[in-house]
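Here is a friendly walk through one protein model, taken piece by piece. Please keep the viewer open as you read.

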Amino acid sequence: MNTATLSPATAAPPAGVPVVDVDPYCDAFLSDPYEAHRQLREAGPVVWIPAYGIYACARHESVHAVFNDHATFISGAGVGLANFNQETPFRPKSLILEADPPSHTKARAILARILSPKTVMQIRATFTAEAESLVERLLARQMAGETIDAVKDLSEVYPLKVFPDAVGVGDANRENLLLYGNMIFNAFGPRNERLQKSAELVQPVTAWIMAHCQRENLRPGGFGDLIYQAADAGEITHDEAPLLVRSFLSAGVDTTVNGIGNAILCMANHPDQYAQLCADHSLARPAFEEALRFESSVQTFFRTTSKDTGLLGVQIPKDSKIVTFLAAANRDERQWPDPDRFDIQRRPAGHMAFGSGIHGCVGQVVARLEGEVVLTALAKRVSRIELIGAPQRRLNNTLRALASMPVRLIPV
Ligand code: HEM
């Protein structure tokens, strides 16, 4: 396997734990992870990856077990490879993602209230109108002779319009959010060349991101301002508010960009499935869900053990890092019949693309809304999505991301 990335330290395998000698951060693994995922699942419910000295779970049962025992498998020591009990985080820790109860509970309640199903009802009409008008504009550009890139012109453009609008971020330089997201998700992996490059690119935009977490730069009434209103009400301090806004800006863009991009790629690669969606637009929601299962935009997250523990027959000492392969759990043959088949009728309840347990994605209602309305807008106006060039992946330590996808949109 290609190890173009910086060499990680190796550690002796613990007795009795199956060893799987893969590098989940090398180019070959990230380009096509599925065979290695199968190997990880086959080896056992909990395995050891010597290249990084970490435990790993790739089966649905074990990933689910880890996420649903937050007292044993904690997030406060970081949800990436770095162990914050032993090294200083590269940025102030997230108050929600990298926190445990009781402080997590407080932050979570505020974000969950802001991103409630009621909020989704309020933003639905705007999100739908934006998706429809974007698809119309793309068809018009194509008529005028332009080639459409479903990543650059669609899956990046749409979330960058609707989500910062909802948070209340101004229009200028929003592409900074993509650079920032790319770096943040690389930073959950090792300090490899991929992280170094994205960190260099992001340096000039960090000040922009931090400025847009401040109240004076957030539209009154937007999701960002609502966090400051929670601070006004005494639920958090005013110093904590910008860090929670940062969670929206870190977690709310690159995830949906790639969730939507992967879903469109699934539709282009499976025209029979797209035809079903065109015939019945109510399949947009389950189709997005199946795309999240099939090509999970977030591939991995970590936990750290708070004590010596046993997990599905494997003993794990206190302060060990465990990587959970969400994407591998989503194709576990023990959980899903014929898991490598993309089937929009599947209804994959219980998939791990949004995590599970107390940290399960707090933005999933918004992500699902975005995915559903984009797929519906396409199905209304486009009868076929044809790839006219090979799609290019953007390799990221955590995300299954896309760089480009040239397409021809055949109008209805
Ligand atoms: C397709 C899009 C998305 C995917 C695949 C995704 C995936 C995930 C996953 C797997 C987690 C669990 C992390 C863990 O357990 O350590 C998570 C948590 C989180 N997500 Fe998302 N996400 C998406 C969209 C969003 C959006 C749109 C927002 C903001 C509106 C968001 C905000 C968050 C936050 C703040 C957390 C931390 C929750 C907590 O720790 O309690 N995500 N997401």
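The report below covers the sheets, the helix contacts and the ligand shell of this predicted model.

## The five-stranded sheet

Let's begin with an open sheet of five strands, whose order is β1-β2-β8-β5-β3 and whose pairing is mixed. Its edges are held by β1 (47-49) and β3 (73-74); each has a single partner strand, so one side of each is left without a neighbour in the sheet.

Helix α3 (residues 60-67) packs on this sheet, where it touches β2 (54-57), β3, β5 and β8 (321-325). The direction of α3 makes about 125 degrees with that of β8. At the β3 edge, the partner is β5 (residues 300-305): the two strands run antiparallel and are joined by two bridges. If you would like a residue to click on, F73 stands opposite T305 in β5.

## The three-stranded sheet and a hairpin

A second open sheet has three strands in the order β4-β12-β9, paired antiparallel. Its edge strands, β4 (148-149) and β9 (382-387), each pair on one side only. Between β9 and β12 (residues 406-411) there are five bridges in the antiparallel sense, and R384 has I410 of β12 as its bridge partner. Helix α5 lies across β4, β9 and β12, and runs at about 100 degrees to β12.

Have a look, too, at β10 (residues 392-395) and β11 (residues 400-404), an antiparallel pair with four bridges. A hairpin of four residues links β10 to β11. Here L395 finds its bridge partner in R400 of β11.

## Helix α5 against α7

The helix that lies across β4, β9 and β12 also packs against another helix. α5 (residues 117-143) and α7 (residues 157-167) meet at an angle of about 155 degrees, and their axes are 10 Å apart. Angles over 145 degrees count as roughly antiparallel, and α5 and α7 are therefore roughly antiparallel to each other. The crossing of α5 past α7 is right-handed.

On the α5 side, the contact is made by I123, F127, E130, A131 and L134, while α7 brings V157, Y158, K161, V162 and A166. Sorted by class, this contact of α5 with α7 has eight nonpolar residues, two charged ones and no polar ones.

## Helix α12 against α14

A second helix pair has another geometry to show. The axes of α12 and α14 (residues 284-294) come within 9 Å and cross at roughly 100 degrees. Because angles of 65 to 115 degrees count as roughly perpendicular, that is the term for α12 and α14.

In this contact, G259, N262, A263 and C266 of α12 meet F288, A291, L292 and F294 of α14. The residues of the contact divide into six nonpolar and two polar, with no charged ones.

## Around the ligand

Which residues come nearest to the ligand? Of the 27 residues around the ligand, they are G252, G259, G355, C361 and G363. Four elements give two or more residues to this shell: α4 (103-114), α11 (241-251), α12 (254-269) and α16 (364-381).

By class, the shell holds 16 nonpolar, 10 polar and one charged residues. One residue links this section to the previous one: G259 is among those that come nearest to the ligand, and G259 also takes part in the contact of α12 with α14.

Terms used: Residues numbered from 1 in each chain as written. Predicted model: local features only at pLDDT ≥ 70, side-chain atom pairs only at ≥ 80, totals over all residues. Axes fitted to C-alpha atoms, helices over the stretch in contact; angles between N-to-C directions. Parallel < 35°, antiparallel > 145°, perpendicular 65-115°, else oblique. Left-handed = near helix turned anticlockwise from the far one by under 90°. Contact = placed C-beta atoms within 7 Å. Nonpolar A, V, L, I, M, F, W, Y, C, P; charged D, E, K, R; others polar. Pairing = 2+ DSSP bridges. Near = placed C-beta within 6 Å.
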